[in-house]
Amino acid sequence: IRTFLNENDELISAEDSFIGFRVLANASGRKVNWVKMKNYRYDLESIACMINEKTKIIYLANPDNPTGTYFTKKEFEKFMSIVPERVLVIMDEAYFEFAQSIDDFPDSMSYRYDNVITLRTFSKSYGLAGFRVGYGFAHHHLIENLLKVKLPFEPSIPAQAAALGALNDKEHLSSTIENNKLGMEFIINNLSALNIDFIPSVTNFITVDFKENIRAVNFVKLMLENGVILRALGSFGLPSCVRISIGTMDENRIFADKMNCIINEL
């Protein structure tokens, strides 16, 4: 945003997607054209229709946070055929490793669009959230301009060392993805047994929809009182929803046990 936006430039993104981008976009003072999601998914057709002569940046999170949904190769390719080359598309692929094996998931790096910046992180599948380290891929002209505003001493040397170590630890990554797959199945089975609606997810979390804000708030409160921390999504624009992270199987069992204990109190 600081690198590429001029005074009259505009941005486009989904209304209920990643809150971090919303904060930065609103803080920029530029006009942001927010597009509603469709069935908890990015509506790329509607986003494409919002592009005008002032559009400079489009932000897409794929898979999305906090819904866990994704848009397909076909949808992405059709969308990019419409986007003008002068418009920068930010592809936030923080949860890429959990979705990359899906046949119709679009790995943005396989396309090599000159107007796309692909962002990934070590905070999710690699388990290095505390180091605050990630990486980006883009045409060298875009990166050269980003370096003009980048702080000179970030990321830290320990963070860089940890990231390099993580890249070489294939066993840990495979174990994390397998654990997530088993944990997701376990959580889904427990939610289904209690007739709790959820959004199918390709990430390391699953979002449930209680249909009413008061039920979502009470669920988070009661689970917290029982030692389980969850994320209420009112600030994301989804007041009836709660995000549940997939943990180790021991943690998942604790979650399921506590949920069964409090569900009738909602």
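1. In what order do the six strands of the open sheet lie, and with what pairing? The order is E2-E1-E3-E4-E5-E6, and the pairing is mixed; strands here are DSSP runs of E with at least two residues and helices runs of H or I with at least four, numbered from the N terminus, and two strands pair if DSSP finds at least two bridges between them. E2 and strand E6 (134-137) stand at the edges with a single partner strand each, so one side of each is left without a neighbour in the sheet. From one strand to the next the twist averages 20°, where axes are lines fitted to C-alpha atoms, for helices over the stretch in contact, and angles run from 0 to 180 degrees between N-to-C directions.

2. On the basis of these values: this is a predicted model, in which local features need pLDDT of at least 70 and side-chain atom pairs count only at pLDDT 80 or more, while totals for chains, interfaces and linings use all residues. Residues are numbered from 1 along each chain as its sequence is written, and side-chain values use heavy atoms, with hydrogens and water left out.

3. At the E6 edge, E5 and E6 pair in the antiparallel sense over four bridges, and Leu119 has Gly136 in E6 as its bridge partner.

4. Helix H1 (residues 19-27) lies across E1, E2 and E3 and runs at about 150° to E2. Phe21, Arg22 and Ala25 of H1 are buried (under 20% relative accessible area, against over 50% for exposed and partly exposed in between, with a 1.4 Å probe and protein chains only). Seen down the axis, the buried residues of H1 fall within an arc of 100°, so they line one face of the helix; the arc is that of the directions from the helix axis to the C-beta atoms. Val23, Leu24 and Ala27, on the other side of H1, are exposed.

5. The largest nonpolar core (a set of buried Ala, Val, Leu, Ile, Met, Phe, Trp, Tyr and Cys residues joined through side-chain atoms within 4.5 Å) has 33 residues, of which Tyr42, Ile47, Ile58, Leu60, Phe79 and Val83 touch the most other members. E3 gives the largest share of this core, five residues. Apart from it lies another core, of 21 residues, among them Ile196 and Phe255.

6. Met109, in the loop between helix H4 (96-99) and strand E5 (116-121), counts as buried because its relative accessibility is 18%. Leaving aside residues up to four places away in sequence, Met109 touches Thr118, Arg120 and Phe137, contact meaning heavy atoms within 4.5 Å.
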